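Grab your viewer and a coffee, and let's work through a few exercises on the model below. Each one has a task and then a solution in steps.

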Amino acid sequence: MRIHRVLAGVLTAMLPCFAPAQQDTLKEIERYRQLLQDGNPAELYEARGEELWKRGRGPKNASLERCDLGLGPGIVKGAYVRLPRYFADTDRVQDAESRLVTCMVTLQGFTIEEAKRNPFSGTGVPMITTDPFSGVGQRSVMTDLVAWIASESRGMTIAPPMSHPKERLAYQAGERLFYYRAGPYDFGCVTCHGDEGKRIRLQSLPKMDNAKDAQRAFGTWPGYRVSEGELRSMQWRMWECIRQMRFPELEFASDASIALITYLAKKAEGGTFIAPAIKR
Amino acid sequence: MQPKMILALGFSGICVAACATRPSDSEAEGAVAEMIKASFKTRGQAAIDRLKQDDAQALCSRHSGELPKGASEGIEKAQQATLRYPSSGKLMGDWREGERIAQSGGGKQFTDDPARPAGGSCYNCHQISKQELSFGTIGPSLYQFGKLRGASEAIQKYTYGKIYNSEASTACSNMPRFGYNGVLTEEQITHLVALLLDPESPVNK
C-alpha cells in the first residue's frame, strides 16, 4: 500500500515533465491506471470484511450471517448489485451500508449510533486536504464489511429493483437532489457530472445521465484509492462530493445519500459490476 | 390495491421511462424537502442554512439546462443588480497573486479553516497559463484571454463582473458567483483580473 502511495506521489510530481502535450499526459495516466490493476489491496479489506461478517460481535455476540441484504437472510452473493431496494421490515429503501446498520442493531444489539460510528477509514477526508483531526490508518468495520459484500457481486450485472413505489420515489428524489444547486459555490452534482468528457484538473468526470459513464462510475465503487491508501465506499463517494460542493455534512446512511445512490444505480443499470476496483 | 392507485403507479412508471430526466411529482418534491431537512448537518463553517436556495439556484435546479423562455433574462437582470465594483476604481491587481489564487482550490468546505482566505479554484475548470498542464475543462480555456481582448477599462469591468457574479451575464453558469457570495474579496478578484488581462501575465505571453 505504501508503495502505491509513493508511486502516486512520484507520478503526480512527474506529470508536468511527461510531455508538453495534454494528450500524452492523459495517456500516461491511463497507462498508470492499467499498471495498478496488477495487485489490488482491496482484497485485504474484503478478507477482513468476510471475517467480520462471520464473527460474533456486539452485546448479543451474534454474527451477521442471518442478515437479509434483500435476497433472503444470509444471502450475500449478488446482493450488492440489487441494491438499493425496499425492505418491508424497516419500510425504507436501503443501500448496503444502511442495511448493515439495521442488521448490526437487530442481530448484534448495537445502538444505531454505535453501528454508524467510523463509517469511513481514517477521518474520511483525503490526505491532501488539511485536516485538523487525526485518525489516519483508523480502520472501519463498515468499510471492511461493504468491501466484502460488494466483492460477492463482482462480474454481475447492475440491476437495482424499481418495482416498489418507494424505490421509484427514491429514484425521483435522487434525481432532484442530483440537480439541486445550493451553497456559496452554487454547486450541484450536475455541475461536474452533467456534461460529457469534462475534467476537474486532470481527473475525468463521468456524466451520470450517460449509461456508459454511469456504469463505469457505479461499477467501480467501492474502490481502493491509491492516492489515499484507503478503500472507499459508495456512501463515502457521496459524502466526499457533498463536502467538496461546500454543502453541510451529508449524514452517513441518510435518506438523501440512499436516494442519490438509487438514482446512480438506476442510471448504471445493465452495466457490469467490477468493484471493489482500484482507483487513482 | 385500489384501481386509482394502480393507475397512479402505472402513470409514474411511464414517467420514469418516458420523462426520465425531469419527473414532476409533488410526492418527490416533498421527499426532497424532507431529505434536505433530515439528511444533512452543520459541520464547521458549512451550516445547514447553506441548503436554502436563492431564486437563481431554485430556478436553475428546476430547469437544469432547459430554462423556460424569458427566465435567463430574468436571472441575468436580477444578478446584474448585485454587481459591485471596488470603490477605489482600481480593477487590476497583481497577476502573480492572481496565479496563486487561481491555483488554490480550498475554501468554504467544512474541513477548511474559515480564517484562511478561499482560493479561486480556477484551474479546476479552466486552462489559464500555458505552463500549468493540470487544468480542468468544465469552463472554457482562458489562455490568451487578455491578448485577444485587450485590457481597456470596459474589458476590465467585464472581467471583474464575470468573476464577481457569473450569472449576471450567463444565467445558471456552472461558475460560482465568487464576489456576490463572499467567497473571494474585492482585492482577490482584482488579482485574478490582472492574471487574465495584464500583458505581463503568462496568460498573455
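## Exercise 1: Take stock of chain B

**Task.** Work out how many helices and strands chain B has, and how they are ordered along the sequence.

**Solution.** Keep in mind throughout that this is a predicted model.

- Step 1: count. Chain B holds 9 helices and 1 strand.
- Step 2: order them. Reading along the sequence gives α-α-β-α-α-α-α-α-α-α.
- Step 3: look at burial. Of the 205 residues in chain B, 41% are buried.
- Step 4: check the contact range. Take the contacts in chain B between residues at least 6 apart in sequence; 59% of them join residues at least 24 apart.

## Exercise 2: Do the same for chain A

**Task.** Find the helix and strand counts of chain A, and say how the chain is divided into domains.

**Solution.**

- Step 1: the count for chain A is 11 helices and 8 strands.
- Step 2: the chain splits into domain 1 (1-38) and domain 2 (42-128 + 138-279). The centres of these two domains of chain A, taken over C-alpha atoms, are 27 Å apart.
- Step 3: chain A has 280 residues, and 48% of them are buried.
- Step 4: among contacts in chain A with a separation of 6 or more, 66% come from residues 24 or more positions apart.

## Exercise 3: How far to trust it

**Task.** Find the stretches where pLDDT falls below 50 in chain A and in chain B.

**Solution.**

- Step 1: begin with the whole-model scores, which are ipTM 0.88 and pTM 0.88.
- Step 2: go to chain A. Its mean pLDDT is 89, with 88% of residues at 70 or more. Residues 1-19 of chain A stay under 50, and the model gives them 18 contacts beyond four places in sequence. Residues 128-134 of chain A are also below 50, with 5 contacts beyond near neighbours in sequence.
- Step 3: now chain B. The average pLDDT is 90, and 88% of the residues score at least 70. Residues 1-23 of chain B are below 50, and this stretch has 12 contacts beyond near neighbours in sequence.

## Exercise 4: Helix against helix in chain A

**Task.** Which term describes how H3(A) and H6(A) are arranged: roughly parallel or roughly perpendicular?

**Solution.**

- Step 1: locate the helices. H3(A) covers residues 42-54 and H6(A) covers residues 141-151.
- Step 2: read the geometry. H3(A) and H6(A) pack at about 100°, and their axes are 7 Å apart.
- Step 3: apply the cut-off. Angles of 65 to 115 degrees count as roughly perpendicular, so H3(A) and H6(A) are roughly perpendicular to each other.
- Step 4: see who meets whom. From H3(A) the residues include Tyr45(A), Leu52(A) and Trp53(A), and from H6(A) they include Leu145(A), Trp148(A) and Ile149(A).

Now try another pair. H10(A) and H11(A) pack at about 110° with axes 10 Å apart, and that makes H10(A) roughly perpendicular to H11(A). In H10(A), Met234(A), Gln235(A) and Met238(A) meet Ser257(A), Leu260(A) and Ile261(A) in H11(A).

H11(A) is worth a further look. The helix spans residues 255-267, and its 13 residues reach 18 Å from first C-alpha to last, close to the 18 Å expected. As for cover, 13 of its 13 residues are buried.

## Exercise 5: Where the chains touch

**Task.** Which element supplies the largest share of the side of chain A that touches chain B?

**Solution.**

- Step 1: size up the contact. 48 residues of chain A are in contact with 46 residues of chain B.
- Step 2: list contributors. Elements of chain A that each supply at least two residues include H1, H2, H10, S3 and H11.
- Step 3: pick the top one. H7(A) gives the largest share, 9 residues.

## Exercise 6: An enclosed helix in chain B

**Task.** Is H9(B) largely enclosed or largely open, and what do its buried residues pack against?

**Solution.**

- Step 1: check the span. H9(B), residues 186-197, has 12 residues and reaches 16 Å, close to the 16 Å expected.
- Step 2: count burial. 10 of the 12 residues of H9(B) are buried, so the helix is largely enclosed by the rest of the structure. Among them are His191(B), Leu192(B) and Val193(B).
- Step 3: find the partners. The buried residues of H9(B) pack against H5, H7 and H8 of chain B.

Note on methods: Residues numbered from 1 in each chain as written. Chains lettered and ligands numbered in written order. Predicted model: local features only at pLDDT ≥ 70, side-chain atom pairs only at ≥ 80, totals over all residues. Domains from an automatic or database assignment. pLDDT = per-residue confidence, 0-100. Contact = placed C-beta atoms within 7 Å. Helix = DSSP H or I, 4+ residues; strand = E, 2+ residues; numbered from the N terminus. Buried ≥ 20, exposed ≤ 12 C-beta atoms within 10 Å, placed from the backbone. Expected span 1.5 Å × (residues − 1). Axes fitted to C-alpha atoms, helices over the stretch in contact; angles between N-to-C directions. Parallel < 35°, antiparallel > 145°, perpendicular 65-115°, else oblique.
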